[in-house]
Amino acid sequence: MRNKFLGTGTPGYSPLRKIRTVMEGLSYAVRYDFSVAYKLVLSAIVLLLSIVLRDWMDSVFVIAATAFVLTAELLNSAIEALCDFIETEHNEKIKAIKDIAAAAVGVAIFTWFIVLGVECWEMWRAWY
Ligand SMILES: Nc1ncnc2c1ncn2[C@@H]1O[C@H](COP(=O)(O)OP(=O)(O)OP(=O)(O)O)[C@@H](O)[C@H]1O
């Protein structure tokens, strides 16, 4: 893929190529990162239930929280992979970089957990 700042790679803009890259990235993450896979599955279940049982606003909240946590997880995985690629030994600077990225995931997971928890609680109350 062309780097617009460095002027390297394949020239031209291709939406299809972009979509393929996105799908490949998601596929890597789901296959190799359990924390991405289980969040996707849990969110899909709650989303389906919210669509069946409740109004659209709830589904939008679940989608937004899921997108937020997945974005944080994917960026964290990419940062981890880059760190491991450039440094195989223990390194305090790598530790700080990875810990900051992990903290971002922690914030996102907390938000996702609250949204899904409230959603499940509301559905439970509506059911009984
Ligand atoms: N090269 C390193 N040097 C110093 N500390 C490191 C190094 N690699 C990992 N760590 C420490 O170990 C922690 C976990 O890093 P690791 O790459 O194993 O992530 P992980 O536990 O597999 O995370 P995830 O579950 O998101 O994949 C980091 O947050 C960091 O504190």
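Which residues does UniProt place under the feature "binding site" in this chain? They are E80, K98 and D99, and the entry is an unreviewed one. Although these residues are spread over 20 residues of sequence, they cluster in space, with a largest C-alpha distance of 9.8 Å. Keep in mind throughout that this is a predicted model.

**The overall picture**

Let's step back to the whole chain. The protein chain has four helices and zero strands, so, read from the N terminus, its elements simply go α-α-α-α. Its radius of gyration is 18 Å, well over the 14 Å that the globule rule gives for 128 residues, so the chain is more spread out than a compact globule. Along the principal axes, the C-alpha trace covers about 60 × 40 × 25 Å. Only a part of the chain is tucked away: 16% of the 128 residues count as buried.

As for how the chain is divided up, domain 1 takes residues 1-32 and domain 2 takes residues 34-127. The centres of domain 1 and domain 2, taken over C-alpha atoms, lie 23 Å apart. Looking at contacts between residues at least 6 apart in sequence, 62% join residues at least 24 apart.

**Around the ligand**

Now for the ligand. The residues around it are S35, N76, E80, E87, H90, N91, I94, K95, K98, D99 and A102. Two elements, α3 (56-86) and α4 (92-127), each give two or more residues to this shell. Helix α4 has the largest share, with five residues. By character, the shell splits into two nonpolar, four polar and five charged residues. E80, K98 and D99, which UniProt lists for "binding site" (unreviewed entry), turn up among the residues around the ligand as well.

**Three residues side by side**

It helps to put two of the UniProt positions next to a residue from elsewhere in the chain.

| Residue | Helix | Other C-beta atoms within 10 Å | State |
|---|---|---|---|
| E80 | α3 | 16 | partly exposed |
| D99 | α4 | 9 | exposed |
| V69 | α3 | 25 | buried |

Why does E80 count as partly exposed? There are 16 other C-beta atoms within 10 Å of its own, and that falls between the cut-offs of 12 or fewer for exposed and 20 or more for buried. Not counting residues up to four places away in sequence, E80 touches K98 and A101. K98 is itself one of the positions that UniProt gives for "binding site", so that contact links two of the listed residues.

D99 sits in helix α4 and is exposed, because just 9 other C-beta atoms lie within 10 Å, under the 12 or fewer that the exposed class allows.

V69 has another setting. This residue belongs to helix α3 and is buried, because 25 other C-beta atoms lie within 10 Å and the buried class starts at 20. Leaving aside neighbours within four places in sequence, V69 is in contact with K39, A108, I109 and W112.

How far apart in space are V69 and A81? From C-alpha to C-alpha they are 18 Å apart, with their places 12 residues apart in sequence.

Methods: Residues numbered from 1 in each chain as written. Predicted model: local features only at pLDDT ≥ 70, side-chain atom pairs only at ≥ 80, totals over all residues. Domains from an automatic or database assignment. Near = placed C-beta within 6 Å. Nonpolar A, V, L, I, M, F, W, Y, C, P; charged D, E, K, R; others polar. Contact = placed C-beta atoms within 7 Å. Rg over C-alpha atoms; globule rule 2.2 N^0.38 Å. UniProt positions renumbered as here; feature names shortened; annotations may be inferred.
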